[in-house]
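Reader: I am new to this structure and would be grateful for a close look at one part of it, followed by an account of how that part compares with others of its kind.

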Amino acid sequence: QSQLSQALNGLSDRAKEAKEFLVQLRNMVQQIQENSVEFEACLVAQCDALIDALNRRKAQLLSRVNKEHEHKLKVVRDQISHCTVKLRQTTGLMEYCLEVIKENDPSGFLQISDALIRRVHLTEDQWGKGTLTPRMTTDFDLNLDNAPLLQSIHQLDFVQMKVSSPVPAPPILQLEECCTHNNSATLSWKQPPLSTVQVEGYILELDDGNGGQFREVYVGKETMCTVDGLHFNSTYSARVKAFNKSGVSPYSKTLVLQTSEDTQSEEQTLPFPVPLERSQLRRMSPFSSTLNLQPSFSGRSYFELRSSAHQLSLHSSLQSLNSAVDIKKMVAVAWFSFDPASAHADIIFSNDNLTVTCNSYDDRVVLGKTGFSKGLHYWELSIDRYDNHPDPAFGVARIDVLKDAMLGKDDKAWAMYVDNNRSWFMHNNSHTNRTEGGITKGATVGVLLDLTRRTLTFSINEDQQGPVAFENLEGLFFPAVSLNRNVQV
């Protein structure tokens with residue numbers, strides 16, 4: 001039994017290898033089909049380029065033939081005109097001489113005969129040698145030498161079969177350069193130091209933060225990527241693989257990332273709006289090292305990928321929740337600030353970018369530094385100054401929202417704008433749901449973004465303002481405010 005068991009173990013290993021080999025072969029079938037389509041397209045494009053070049057050369061040669069044609073016709077027509085004039089003059093002289101010969105008066109004839117004889121000889125000399133010879137041949141002295149090109153076309157062939165190169169080695173995740181901040185994760189990787197195989201690009205994959213399936217979040221040539229819009233207080237697994245024309249490498253080792261943890265938690269009942277605890281909280285990261293973010297690079301993305309020149313974060317007082325309101329739950333508090341990098345130039349920042357106003361009477365937009373694509377999030381803004389009854393707007397927006405107009409004027413923002421008496425919801429310049437009740441100095445505006453239910457709701461002084469403002473929200477959203485010089489928040 002022991003010997004049979006050992007033998008079966010060896011056979012089981014071979015069967016497992018055979019299954020993996022079959023999977024590899026089936027993948028090769030798919031790869032061959034894809035490569036065939038790609039190669040055929042490349043071949044057609046190359047031949048079409050040769051045909052286009054030949055057609056262009058054909059047009060140039062035809063143009064030269066037309067020019068030669070026009071030149072020959074002009075020379076012959078000029079010669080016809082010249083000869084016609086001379087022939088008319090000669091014919092006229094001949095007719096005159098014949099009339100003089102008929103003259104019966106000898107003395108009259110002798111008076112003009114010498115002059116006529118000289119004129120006849122002169123005219124005859126003008127028809128000298130070459131005058132009656134065509135100046136232009138009818139043949140086209142052009143001979144197209146197409147033999148070398150025909151020979152090249154007949155010899156057109158594939159120079160050599162593509163030499164199969166090995167697939168790349170698995171990339172190495174550089175743990176010292178990987179980090180998380182709030183709900184963003186930055187990952188960095190490299191090829192093994194001794195690897196000489198050419199790499200054309202990398203594929204970064206993350207799971208769903210709940211132990212689910214991996215999915216691609218980046219495909220490109222760069223070796224660093226920042227992924228935004230993850231869940232707060234969640235654990236993600238990340239892995240990366242390299243690829244070239246020969247195939248895809250095995251995966252790197254899997255790296256576990258923890259987005260911002262609960263820096264302070266307390267069990268409480270959550271009415272609407274969620275009461276804020278504005279105590280100073282220390283920020284935490286799953287890695288002890290820090291990273292100065294290099295630009296994150298674009299590629300095919302299902303999460304939002306960003307460039308560090310436009311990084312967004314948020315530092316007012318944000319509370320990230322993991323369940324609906326009105327139930328007891330541990331509340332995670334994170335911190336964010338307004339973002340000078342993406343704000344309109346007229347926005348004025350103070351208090352470590354926690355406070356903003358404006359130096360223009362026109363509405364200007366400022367965003368927060370953290371984007372959200374999942375989960376339940378609530379934050380509040382305090383009205384520090386409110387003069388002459390302006391109507392600031394509060395809500396969420398995409399990164400490319402208009403910065404020189406009231407929030408909600410375009411289709412990149414969802415907002416509530418409010419004066420001292422009433423409020424309206426606005427998206428894509430459409431105003432809805434006028435609601436009584438406004439703001440004054442010292443008022444608090446709350447924003448509840450529920451990306452589980454895909455809704456946005458507002459409150460003023462902890463009382464809900466109007467119905468649910470917007471539904472069917474999906475994507476990456478940044479906290480946003482628009483205001484002018486009469487408001488400070």
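How many residues apart are Lys74 and Asp78 in helix 1, and about how many helical turns separate Lys74 and Asp78?

Author: In this predicted model, Lys74 and Asp78 are four residues apart in helix 1, which spans residues 2-101, and therefore about one helical turn separates the two. Their side chains meet in a salt bridge, with a distance of 3.2 Å from N to O. Side chains of opposite charge can pair when their charged atoms come close. In this pair, Lys74 is exposed, because its relative accessible area is 52%, and the cut-off for that class is over 50%. Asp78, with a relative accessible area of 40%, is partly exposed.

Helix 1 also carries Met28. Met28 is partly exposed, at 41% relative accessibility, and belongs to a nonpolar surface patch of about 450 Å². The residues that make this patch are Phe21, Leu22, Leu25, Met28 and Ile32.

The pair in helix 1 may be set beside other salt bridges, of which the structure holds 13. One of them joins the side chains of Asp346 and Arg364, at 2.8 Å from N to O. This pair links distant parts of the chain, 18 residues apart: Asp346 is in the loop between strand 14 (332-334) and strand 15 (347-350), and Arg364 is in strand 17 (residues 364-367). Asp346 counts as buried, because its relative accessibility is 18%, and the limit for buried residues is under 20%. Arg364 is buried as well, with a relative accessible area of 12%.

A further salt bridge brings together the side chains of Lys412 and Asp400, at 3.1 Å from N to O. Both residues lie in the loop between strand 20 (393-397) and strand 21 (413-418), so the pair ties together parts that are twelve residues apart in sequence. Lys412 counts as partly exposed, at 26% relative accessibility, and Asp400 is partly exposed with a relative accessible area of 46%. Salt bridges also form a network here, in which Glu205, Arg239 and Lys241 are linked.

Another kind of polar contact appears at His377, a residue of strand 18 (residues 376-382). The side chain of His377 reaches the backbone oxygen of Lys374 at 2.5 Å. His377 is buried, because its relative accessible area is 1%.

These details may now be placed within the whole chain. The protein chain contains three helices and 28 strands. Of its 489 residues, 38% are buried. Among contacts between residues at least 6 apart in sequence, 64% join residues at least 24 apart. The chain exposes about 29,100 Å², and carbon and sulfur atoms supply 52% of that area.

To return to the part requested, the salt bridge of Lys74 and Asp78 lies within helix 1, whereas that of Asp346 and Arg364 links a loop to strand 17. Lys74 is exposed and Asp78 partly exposed, whereas Asp346 and Arg364 are both buried.

Key
Residues are numbered from 1 along each chain as its sequence is written. This is a predicted model: local features need pLDDT of at least 70, side-chain atom pairs count only at pLDDT 80 or more; totals for chains, interfaces and linings use all residues. Side-chain values use heavy atoms; hydrogens and water are left out. Buried means under 20% relative accessible area, exposed over 50%, partly exposed in between (1.4 Å probe, protein chains only). A polar contact is a pair of N or O atoms within 3.5 Å; within protein, one must be able to donate a hydrogen and the other to accept it, and residues adjacent in sequence count only if both atoms are side-chain atoms. Contact means heavy atoms within 4.5 Å. Accessible areas come from the Shrake-Rupley method with a 1.4 Å probe; for residues, only the protein chains shown count as cover. A salt bridge is a side-chain nitrogen of Lys or Arg within 4 Å of a carboxyl oxygen of Asp or Glu. Patches are made of residues with over 30% relative accessible area and no salt bridge: like charges are joined within 9 Å, nonpolar side chains (Val, Leu, Ile, Met, Phe, Trp, Tyr) within 5 Å.
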